[in-house]
Amino acid sequence: LIQLRNTYPALQTGDFQVVKTENVVVFSSLRSNDDESIIIVINTSGEPVNNYGLSLTESSLKPGVKLVTSLMSAAEQSELNVDLSGGFREFKPIEEIPPYSTLIYLLTDGE
């Protein structure tokens, strides 16, 4: 985790926003600066969670499709549709979050 923090400046000094979740045991945030945006998702429970849609009303994210790439696992990748206010609704980067796990995703402009 220290190596990720040192590699991605948004994790060091980026703006911080709490992302709403549909499950009280899941915490999520968006860290962003002028060059990159990162979503962090944490399951604080000892059980896997699959009902956790992530939502954000507005942010500095530019509208459009974002490619969501896991910084923890090369296999995980999905897409996020960002609306005109920089928000999104009920996003799930993976179907089920393992117990006591932290997921970190880099957002980049999609094609």
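Strands are DSSP runs of E of at least two residues, numbered from the N terminus. Under that convention, Glu-90 belongs to strand S7. The model described here is predicted.

**Backbone at Glu-90 and Tyr-100**

Glu-90 has a phi near 50°, a positive value in a residue other than glycine. Most residues other than glycine have a negative phi. Glu-90 has a relative accessible area of 48% and is therefore classed as partly exposed, the limits of that class being 20% and 50%.

A positive phi is also found at Tyr-100, where the angle is near 45°. Tyr-100 is placed in the loop between S7 and S8. With a relative accessible area of 64%, Tyr-100 is exposed, because exposed means over 50%.

Ser-101 likewise lies in the loop between strand S7 (88–91) and S8. Is Ser-101 buried or exposed? Its relative accessible area is 12%, so Ser-101 is buried, the class that covers values under 20%. Leaving aside neighbours within four places in sequence, the contacts of Ser-101 are with Val-41, Ile-42 and Asn-43.

**Salt bridges**

Side chains of opposite charge can pair when their charged atoms come close. The structure contains 3 salt bridges, listed below with the N to O distance of each pair.

| Basic residue | Acidic residue | N to O distance |
|---|---|---|
| Lys-66 | Asp-109 | 2.6 Å |
| Arg-89 | Glu-90 | 3.6 Å |
| Lys-92 | Glu-95 | 3.2 Å |

The side chains of Lys-66 and Asp-109 meet in a salt bridge at 2.6 Å. This pair links distant parts of the chain: Lys-66 is in strand S5 (residues 64–70) and Asp-109 is in strand S8 (residues 102–109), 43 residues apart. Lys-66 counts as buried, at 5% relative accessibility, whereas Asp-109 is exposed, with a relative accessible area of 59%.

The partner of Glu-90 is Arg-89, and the closest N and O atoms of the two are 3.6 Å apart. Arg-89 is exposed at a relative accessible area of 67%, while Glu-90 counts as partly exposed at 48%. Glu-90 thus carries both a salt bridge and a positive phi.

In the pair formed by Lys-92 and Glu-95, the N to O distance is 3.2 Å. Lys-92 counts as partly exposed, at 28% relative accessibility, and Glu-95 counts as exposed, at 58%.

**Nonpolar surface patch**

Which residues make the nonpolar surface patch of about 280 Å²? Phe-16, Val-18 and Phe-27 make this patch. Phe-27 is located in strand S2 (residues 26–32). The relative accessible area of Phe-27 is 35%, so Phe-27 is partly exposed. That value fits membership of the patch, because patch residues must have over 30% relative accessible area.

**Largest pocket**

Rolling a probe the size of a water molecule over the atoms shows where empty space is left. The largest pocket has a volume of about 290 Å³. Of the 14 residues that line this pocket, Asn-33, Asp-34, Glu-36, Ser-37 and Leu-61 are the closest to its centre. Strand S8 provides the largest share of the lining, with 3 residues. Strand S8 also holds Asp-109, the partner of Lys-66 in the salt bridge to strand S5.

Definitions and conventions: Residues numbered from 1 in each chain as written. Predicted model: local features only at pLDDT ≥ 70, side-chain atom pairs only at ≥ 80, totals over all residues. Heavy atoms only, no water. Salt bridge = Lys/Arg side-chain N within 4 Å of Asp/Glu carboxyl O. Helix = DSSP H or I, 4+ residues; strand = E, 2+ residues; numbered from the N terminus. Buried < 20%, exposed > 50% of the residue type's maximum accessible area, 1.4 Å probe, protein only. Patch = residues over 30% accessible without salt bridge, like charges linked within 9 Å, V, L, I, M, F, W, Y side chains within 5 Å. Areas by Shrake-Rupley, 256 points an atom, 1.4 Å probe, with all protein chains shown as cover. Contact = heavy atoms within 4.5 Å. 1 Å grid on protein atoms, 1.4 Å probe; cavity = no way out; pocket = protein on both sides within 12 Å on 5 of 7 lines; lining within 4 Å. Points joined across faces, edges and corners; volume = space filled by probe spheres on them.
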